[in-house]
Amino acid sequence: MKVVLMAGGRGTRISELFPDVPKPLIPIQNMPVLEREIISLREQGFTEIILTVGYMADKIKDYFGDGSRLGVKINYFVEDKPLGNAGALFFLDLKEDFLLLNADAVFDVDFNRMVKCHRQKGALVTLFTHPNSHPYDSGLIIADKSGEVKQWLTKEESRPKYYKNRVNAGLHVISPKALEMSGIDKSSIGKEKDGKIVKVDLDRQILKPLCSTGKIFCYDSPEYVKDMGTPDRYYSVCEDFKKGVVSAKNLSNKQKAIFLDRDGTINKYVGFLRNIDEFELLPEVSEAIRMINTSGYLAIVVTNQPVIARGEVTFEELDNIHCKMETLLGKDGAYIDGLYFCPHHPHKGYEGEIPELKIDCDCRKPKPGMLLKAAEELNIDLNASYMIGDSDSDVQAGEAAGCTGIKINEGGLLDAVKGVLHDYN
C-alpha cells in the first residue's frame, strides 16, 4: 500500500523556534520528525512513499533523496502554488487504497491494524480517531456502534451538550473512489477562478460529504498522535520521546492500563444511576485521570450497568450519560482511552426487564470479561495493569484478570493513582 505524506505546510507557529527549517525537518532528539515517521512506516512494511511538498521543498528533497538511505522509495509532488490540502491527490495516479498522513502531526501508529479494520468494514475512507485533552475546541467525529461516521463537526460548529471525546487525528486510509465521488474537476485545480486559485479541502469537499453514506468509518485508537505546531506542544512531544511514551503506545507493543470502576470511583454514588442529571464527577477525579493520561498507562472504564437489563435505562440513555462523563472530563483536560460496560443482570422478576439480558454472563464484575475484552482489543498486558474501584467485586474482577486490584473509598481515586505511578516510577 502506498503512503502519501502531506509535508508542504509552513509551520508558522513553530517557526519562532526553527525559522529556517521546514516543519518535517524539525529535530526531535537529533532526528527530523518526518524521518522518525518514515522509519516507523518502513518497519511496518510500508515502503512506497509519496511526499507532497511546497514550502522549502528543496531542503526536504535534499535531505531524504530517493529514500534509499532509509530503505524506502520516495517520490515527490511539488506544489509550485498552493492547491489546498488535497489538491495534489488528484495528480498522483492513485489506483488502490492508500494511507494519507498529515506530516504536521507526530505519530507512531500500528497502521496494519488500521488497514485491517478498513478492509473488514469495506470502507471507502477510514479516519484515525482518538480522544484528546481539548475536545471542546477540536473537530468531533460522531459515529454509531459499528463505527460508521454519521456527523463531522468542526470546532466552529454547534455540538450536542454532551458528546463522546472522539477527534479526527489527520491520518486516513482512502480509496481513490472517494476522490471520484467528490465530483471535483481535476482540470480546474490550481487554475484561477473568480480571481482566486482553485484549491481542494480534504475534510470539507471529500470526506464530510461521505458522512451517513455507509462509506466512511472511524478507527478509534489510543495510540500516539499529537500536533507539535506550537513551541509548548513541541517541547511536550520532545519530553514524550525522551520518556519513551511515543513508541510504547504503538499497539503492536503490549500496553499497560489502569482500569477504573465508574459509580463511586469516577462519579458520586447514587445507587442505580438512571437520570443523567444525577451524574456528577467526584472531586479530583479529573486530576487523577490527567495523571494517567501523561503516564503511559491507558485509562479504561469498566462498569456494571444492570439498569439496562432491568429496563430502567435504555442503551441510548446510558450512552448519553457516558457522553456527559467524557464531556466533563474533557473540559478539565482529561480523557479515557476506552469504556466497557456490562448490560446484564442475573436475577429475574423486575417490571420492564429485558429478558435476553437477564443472564449469568462472563462480563459482569466480579467476573473479568470486560477486562479480558479490553486486553484483546488493545493488546494490554494485564499482569502489568491495575484495577481501581470502590467495591470488592472490582478488586476480584481485576485479580481474576491478572491485574493488581486496589479498593478505594469514594473520593480516593487521586491518592490511588499517585500510589500506582509512584510505584511504577
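**Exercise 1. The core**

How many residues does the largest nonpolar core have, and which have the most contacts inside it? Work on the predicted model shown above.

*Solution.*
Step 1. Count the members: the largest nonpolar core has 55 residues.
Step 2. Pick out those with the most contacts inside this core: Leu5, Phe111, Phe259, Ile300 and Ile380.
Step 3. Look for the helix that gives the most to this core. That is helix H10 (residues 369-378), with five residues.
Step 4. Place the core. Domain 1 (3-233) and domain 2 (254-423) both give residues to this core, so the core lies between them.
Step 5. Look elsewhere. Another core, of 30 residues, lies apart from this one, and Val4, Phe98, Leu100 and Ile206 are among its members.
Step 6. Recall the general trend: in soluble globular proteins, nonpolar side chains tend to be buried together.

**Exercise 2. Helix H9**

Find what span helix H9 (residues 315-331) should have, and compare it with the distance between its end C-alpha atoms.

*Solution.*
Step 1. Helix H9 has 17 residues.
Step 2. Use 1.5 Å times one less than the number of residues.
Step 3. At 1.5 Å a residue, H9 should therefore span 24 Å.
Step 4. Compare: the end C-alpha atoms of H9 are 24 Å apart, which agrees.
Step 5. List buried residues, meaning under 20% relative accessible area. In H9 they include Leu318, Ile321, Met325 and Leu329.
Step 6. Find their neighbours. The buried residues of H9 pack against helix H8 (285-293), strand E17 (297-304) and strand E18 (338-342).
Step 7. Step past the helix: just after H9, Gly333 takes a positive phi of about 80°.

**Exercise 3. The open sheet**

In what order do the five strands of the open sheet lie, and which are the edge strands?

*Solution.*
Step 1. Read the order: E18-E17-E16-E19-E20. The pairing is parallel.
Step 2. Find the edges. E18 and strand E20 (404-407) each pair on one side only.
Step 3. Take the twist: from one strand to the next, it averages 20°.
Step 4. Zoom in on one pair. Strand E16 (residues 256-260) and E17 pair over five bridges. Leu260 has Val301, in E17, as its bridge partner.
Step 5. Add a helix. Helix H11 (residues 392-401) packs on the sheet and touches strand E19 (386-389) and E20. The direction of H11 makes about 170° with that of E20.

**Exercise 4. A hairpin**

How many bridges join strand E9 (residues 140-143) to strand E10 (residues 149-153)?

*Solution.*
Step 1. Count: four bridges join E9 to E10. The two strands run antiparallel.
Step 2. Match a pair: Ala143 stands opposite Val149 in E10.
Step 3. Inspect the turn. Five residues lie between the strands of this hairpin, and Gly147 in the turn has a positive phi of about 95°.

Key. Residues are numbered from 1 along each chain as its sequence is written. This is a predicted model: local features need pLDDT of at least 70, side-chain atom pairs count only at pLDDT 80 or more; totals for chains, interfaces and linings use all residues. Side-chain values use heavy atoms; hydrogens and water are left out. A nonpolar core is a set of buried Ala, Val, Leu, Ile, Met, Phe, Trp, Tyr and Cys residues joined through side-chain atoms within 4.5 Å. Buried means under 20% relative accessible area, exposed over 50%, partly exposed in between (1.4 Å probe, protein chains only). Domain bounds come from an automatic or database domain assignment. Contact means heavy atoms within 4.5 Å. Two strands pair if DSSP finds at least two bridges between them. Axes are lines fitted to C-alpha atoms, for helices over the stretch in contact, and angles run from 0 to 180 degrees between N-to-C directions.
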